[in-house]
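Subject: Structure handover

Hello,

Here is the structure we talked about. Please open it first, then read my notes below.

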Amino acid sequence: MPATVKRFPAVADPHVVHQYLKADGVVVVEGAATRESIEEVLEETGTVPAGQTFALAAKSSTFATQLLMNPLFIDLTKRILTDTCIIFYEQERTVSISEPQVSQSSILSAGPGSASWGLRRQDDCHHISHPAKRESDFGIMYAANDVTTKNGAVRVVIGSNNWTDKRDPTEEEEFLVELRKGDALLWLGSTYYGRASNTTDQASVLLSAIATPGYLRQEENQYLAVPWEVAEKYPTAVQRFLGYYVSRPYGGAVEHMEPLDFLKVKGDWSKYVPVDLI
């Protein structure tokens, strides 16, 4: 029997979902977002051109504060992408933790008559050899309308996260994922994926975000894509996820300060309370 993508409810146990992600590289979460929140995102973004539109976290506060911060996605992101290392400093060993950050957010619109694209691995950006010793990318994409095999289903190759770089995917190994509005597809960056062609007269839209470890470079520079004038209105948790924090021990510091602390005191050392970045 051919493999199919495992589907979970929005309240699924993250541990169970994680096990399937490690085995298959991809899962679907049904009802991951409400239809109301999807409509709010679309209203905030306005007319969506065909193709890929970046900086979604800047264009929609609803996406940034709700869909991006989906509890299941955040839990799995931390499980998959958080890294620790032991630092020796002044006769003492301490644990440094690098938390995940947003790598890219975008809208993927398959317009009427659009061609298929892919297959590809999202972690190409981070020069990963496969099978990956550590995952460098983990993504979520929400269906903004019903996505079918006729209007641009998501193409995935189940289990390809476990392949070596010598093995190329074939058409016979693809699985087409259909999504209802509000469903979300979660996938590992080492998994081959793409988009089927749209043979209908209506566009199909996916709202996507990809995370990467704090010690790697973001695919999309979040400090320019989401300017501070926008980010400062977001909750602290969103700001940190966008990258305004130090990946321990020192990654991303400003004047050896936490970025959010630096911004709060506007670089004024007299107002700064020093913290140990190790």
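Where does Val157 lie? It is in the loop between strand E9 (154–156) and strand E10 (175–177). Please keep in mind that this is a predicted model.

I start with Val157. Is Val157 buried or exposed? Its relative accessibility is 0%, and buried means under 20%, so Val157 counts as buried. Leaving out residues up to four places away in sequence, Val157 touches Asp24, Leu119, Trp163, Pro169, Glu173, Glu174, Thr191 and Tyr192. Leu119 is 38 residues from Val157 along the chain. Their C-alpha atoms are separated by 8.6 Å.

Leu119 deserves a look of its own. Leu119 sits in strand E7 (residues 117–121). A cis peptide bond joins Gly118 to Leu119, with omega at about 0°. There is a second cis bond to check, from Arg248 to Pro249. Here omega is near 10°. Pro249 belongs to the loop between helix H8 (236–242) and helix H9 (259–265). For context, most peptide bonds are trans, and most residues other than glycine have a negative phi.

That brings me to backbone angles. Which phi does Glu255 have? Phi is near 50°, a positive value in a residue other than glycine. Glu255 is also found in the loop between H8 and H9. Its relative accessibility is 52%, and exposed means over 50%, so Glu255 counts as exposed.

Ala55 is another case. Ala55 has a positive phi of about 60°, although it is not a glycine. Its place is the loop between strand E3 (51–54) and helix H3 (56–59). Ala55 counts as buried, because its relative accessibility is 10% and the limit for buried is under 20%.

Glu90 also has a positive phi, about 50°. Glu90 is in the turn of a hairpin formed by E4 and E5, with 2 residues between the strands. Strand E4 (residues 83–89) and strand E5 (residues 92–98) run antiparallel and are joined by 7 bridges. One pairing to look at is Cys85, whose bridge partner in E5 is Ser96. In a regular strand the side chains alternate between the two faces of the sheet.

Now for Val11. Val11 is in the loop between strand E1 (7–9) and helix H1 (14–24). Its relative accessible area is 76%, and the cut-off for exposed is over 50%, so Val11 is exposed. How far apart are Val11 and Pro169 in space, C-alpha to C-alpha? The distance is 32 Å, with their places 158 residues apart in sequence. Pro169 is one of the residues that Val157 touches.

Last, the whole chain. How many helices and strands does the protein chain have? There are 9 helices and 13 strands. The radius of gyration is 19 Å, which agrees with the value near 19 Å for a compact globule of 278 residues. Along its principal axes the C-alpha trace spans about 60 × 40 × 30 Å. Buried residues make up 49% of the 278. Take the contacts between residues at least 6 apart in sequence: 75% of these join residues at least 24 apart.

The surface and charges are quickly told. The chain exposes about 13,500 Å², and carbon and sulfur atoms supply 52% of that area. There are 26 positive and 36 negative side chains. The centres of the two sets lie 2 Å apart.

Best wishes

Methods: Residues are numbered from 1 along each chain as its sequence is written. This is a predicted model: local features need pLDDT of at least 70, side-chain atom pairs count only at pLDDT 80 or more; totals for chains, interfaces and linings use all residues. Side-chain values use heavy atoms; hydrogens and water are left out. Helices (H or I, at least four residues) and strands (E, at least two) are DSSP runs, numbered from the N terminus. Buried means under 20% relative accessible area, exposed over 50%, partly exposed in between (1.4 Å probe, protein chains only). The radius of gyration is taken over C-alpha atoms; the globule rule is 2.2 Å times the number of residues to the power 0.38. Contact means heavy atoms within 4.5 Å. Accessible areas come from the Shrake-Rupley method with a 1.4 Å probe; for residues, only the protein chains shown count as cover. Lys and Arg count as positive and Asp and Glu as negative; His and the chain ends are not counted. The place of a charge is taken as NZ of Lys, CZ of Arg, CG of Asp or CD of Glu. Two strands pair if DSSP finds at least two bridges between them.
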